[in-house]
Amino acid sequence: MQQIYNGVIIAKEIHPMILEDPAYPLLSWLIKGYPEHINTTDIQRRFNYRLGRARMIVENTFDRWKGRFRRFTKRVDMDVEGVIKVAAASRLIHNICKMRNEPWFEEWLQKGFDDDVTAADGPGIGDQAGLDGRDTLAS
């Protein structure tokens, strides 16, 4: 089994998290920014900015990967183990192409898949572990 690496920030153990947009709930393993309003602190705004930059890097990477391997823009009807192997092989090939400076064309990007859905934190959305983890990372 693969080792999961946790880190310690301000004496609090932090485990790996998935970066998400405001449409998803805040959970212990799913991190999103603070809701933006008049009472949002400078620390929270800075955290949102940094989280947004990290999400943009991840999204751009996946867009380029999907542009090169169009199969991953649609449903993949395979068992989970097969999808994992095919995705890993395609990432390896994609990285080899990047290392060899193989051409990559902007027109390979597919537009229209961006869901700019926004939702504010509301009562019952998320869990305390998610709130604590986000506050620790923002500090």
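**Exercise 1.** Work out whether Phe62 is buried, partly exposed or exposed in this predicted model.

*Solution.* Start with the number: Phe62 has a relative accessibility of 44%. Next, recall the cut-offs: buried means under 20%, exposed means over 50%, and partly exposed is in between. So Phe62 counts as partly exposed.

**Exercise 2.** Now do the same for Trp65, then work out how the rings of Phe62 and Trp65 are arranged.

*Solution.* Trp65 comes in at 11% relative accessibility, so this residue counts as buried. Then find the two residues in the chain: both Phe62 and Trp65 sit in helix 1, three residues apart, which is about one turn of the helix. Their ring centres are 5.8 Å apart, and the planes make an angle of 80°. Rings pair if their centres lie within 6.5 Å, and an angle over 60 degrees counts as edge-to-face. That makes Phe62 and Trp65 an edge-to-face aromatic pair.

**Exercise 3.** How many aromatic pairs does the count give, and which parts of the chain does the pair of Tyr34 and Phe47 tie together?

*Solution.* The count is two aromatic pairs. Tyr34 and Phe47 are edge-to-face, with 5.7 Å from centre to centre and 75° between the planes. Tyr34 belongs to the loop between strand 4 (30–31) and helix 1 (42–68), while Phe47 is in helix 1, so their pairing links parts 13 residues apart in sequence. Finally, check the burial: Tyr34 is buried at 9% relative accessible area, and Phe47 is buried too, at 10%.

Terms used
Residues are numbered from 1 along each chain as its sequence is written. This is a predicted model: local features need pLDDT of at least 70, side-chain atom pairs count only at pLDDT 80 or more; totals for chains, interfaces and linings use all residues. Side-chain values use heavy atoms; hydrogens and water are left out. Rings of Phe, Tyr and Trp (its six-membered ring) pair if their centres lie within 6.5 Å; planes under 30 degrees apart count as stacked, over 60 as edge-to-face and the rest as tilted. Helices (H or I, at least four residues) and strands (E, at least two) are DSSP runs, numbered from the N terminus. Buried means under 20% relative accessible area, exposed over 50%, partly exposed in between (1.4 Å probe, protein chains only).
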